[in-house]
Structures are given as C-alpha cells and as structure tokens.
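Visitor: Would you take a close look at a single part of this structure, and set that part in the context of the rest of the chain? I should like one connected account.

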Amino acid sequence: MDTDLSAHSGLEGRLVALIAPAVEEMGYEIVRVAVLGRERPTVQIMADRQDGALINVEDCERISHAVGAVLDVEDPIPGAWTLEVSSAGIDRPLTRAKDWTRFAGHQAKAEVLVPIDGRRRFAGVSLGSDGTVARMRLDDGTEVALPLAEIRKARLVLTDALIEYSARMVQPASDAGVEQDGKKEPPASKVH
C-alpha cells in the first residue's frame, strides 16, 4: 500500500487499508478516500492509473466493481451506502508526497492545520516534496516548507500550463471517454 496514504484516518483509513491491495493489483492508485453524509453515506474514491495516464470512465467502472465487492464482503459501513469512483481531475487534490513532486512547477493552493509564520493558507508554485514536507514558492517569491502531516487540504490550480501538461498524459485516441478540457470524468456510482 502507498505509504503516502497515511493521512487517511478513522473510517477512511480503514477503507484505504481494505481496498488499496485490490486497486493496486488492477494497476491503479488511490489518491483520496472520503466518506460524506450520515443517513446514507457516500464513499468517494479518487484514483490514478499507475502508468501516469489519465483515468477514464471504464477505469472508474472497473475500480467501482472491485471496490464494491471488497466492501460488500468486509461490510465496514453499516446500512446502505453509495460508492462513487472518479479521476482526481486536472485541478486535483495534492494528497501524497509524490503528487507534490509530480506536479512541481505548477500552481497550487494549500491550507495547513497549524499556522506557519502566522499563516494557514498558501498559494504559489509546487517545488516538490522530500517525503516529509511539501515545498512551495509563494506568489511573493519566498519559499515555504509545509509539513505533509499538517496539510489540511491542497490542490492544483487550473492553468493553461496544467491543462497542456495533463493533455500529454491522455491515452491514445483509441481510449474513449477521456476529456481534455480541464474537467474530470463523471464518477461511476453504485448504491450498496
């Protein structure tokens, strides 16, 4: 299992532990797992292909079937729930150290749990990660090191450069369903 996913805790952490082996065996990586709602929770899974290509609708469906089967057997969520699987999108969340490094040179925004020099929110260019901190060059030219364990949320900012970079990750034209206009694929949903 990707050690970068240690940021998941509680129920989400248990879900990652249950589903990551099956997802990875199929050639994908989990970017983020979120459980939303109480009465009929929705389990949202964002995934990437291990080969770095953009994920498509068929990929989401494959992951949904495999994850749904694992969760139906393990039954970690009482009652009815809904599963949604999607790509992380172009303006994706930065949840793992390797995301910060992969998208070095691109605009990002981040919010930390504990203020750094009196600030919680940062915007600038990702400079990568050494596995313990994510580095950014802020809009004013200064650099900041954000402890990965203290990042509440972070994501890429949609820019022309990011769209161009993402377009190079698209599978050959024979792979249908991949959008190139900056939008992520619609999630594959399944009610359990």
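Guide: The account below concerns the open sheet, preceded by a description of the model and followed by the other parts of the chain.

This is a predicted model, in which local features need a pLDDT of at least 70 and side-chain atom pairs count only at pLDDT 80 or more, while totals for chains, interfaces and linings use all residues. Residues are numbered from 1 along each chain as its sequence is written, and side-chain values use heavy atoms, with hydrogens and water left out.

The chain contains 4 helices and 9 strands (DSSP runs numbered from the N terminus: H or I of at least four residues for helices, E of at least two for strands). Along the sequence, these elements follow the pattern α-β-β-α-β-α-β-β-β-β-β-α-β. The mean pLDDT, the predictor's confidence in each residue on a scale from 0 to 100, is 86 for the chain, and 84% of the residues reach 70 or more. Strand β6 (residues 133–138) has the highest mean value among the elements, 98, and strand β9 (residues 188–191) the lowest, 61. The pLDDT is below 50 over residues 1–6, a stretch that has 15 contacts in the model beyond near neighbours in sequence (a contact being heavy atoms within 4.5 Å). Over residues 171–185 the pLDDT is likewise below 50, and this stretch has 34 contacts beyond near neighbours in sequence.

The open sheet consists of 5 strands in the order β7-β6-β5-β4-β8, with antiparallel pairing; two strands pair if DSSP finds at least two bridges between them. At its edges stand β7 (143–147) and β8 (151–156), each with a single partner strand, so one side of each is left without a neighbour in the sheet. Neighbouring strands of the sheet are turned against each other by 40 degrees on average, direction ignored; the strand axes are lines fitted to C-alpha atoms, and angles between N-to-C directions run from 0 to 180 degrees.

Within this sheet, β4 (residues 107–116) and β5 (residues 119–129) are joined by 6 bridges in the antiparallel sense. Across this pair, Gln-107 faces Val-125 in β5, and Ala-110 stands opposite Phe-122 in β5. The hairpin of β4 and β5 has 2 residues between the strands, and in this hairpin Asp-117 takes a positive phi near 50 degrees. On to the next pair: β5 and β6 are antiparallel over 5 bridges, and Gly-124 has Leu-138 in β6 as its bridge partner. The hairpin of β5 and β6 has 3 residues between the strands, with Gly-131 at a positive phi near 100 degrees.

Two separate nonpolar cores may now be described (sets of buried Ala, Val, Leu, Ile, Met, Phe, Trp, Tyr and Cys residues joined through side-chain atoms within 4.5 Å). The largest has 20 residues, and those with the most contacts inside it are Ile-19, Val-33, Val-43, Ile-45, Ile-63, Val-67 and Leu-83. Two or more residues each are given to this core by α1 (10–25), β1 (28–36), β2 (42–49), α2 (57–74) and β3 (82–87), the largest share being the 5 residues from α1. Leaving aside residues up to four places away in sequence, Val-43 touches several others, among them Leu-15, Val-33, Trp-81 and Leu-83. A second, separate core of 18 residues includes Leu-94, Ala-134, Leu-146 and Leu-156.

Outside the open sheet, β2 and β3 pair in the parallel sense over 6 bridges, with Met-46 opposite Ser-86 in β3. Of the 6 residues of β3, 5 are buried, so this strand is largely enclosed by the rest of the structure (buried means under 20% relative accessible area, exposed over 50%, partly exposed in between, with a 1.4 Å probe and protein chains only). Glu-84, found in β3, counts as partly exposed at 22% relative accessibility. Ser-166, which lies in helix α4 (residues 160–167), is buried, with a relative accessible area of 1%. This serine touches Leu-54 and Ile-90, not counting residues up to four places away in sequence.

For the chain as a whole, buried residues make up 44% of the 192 residues.
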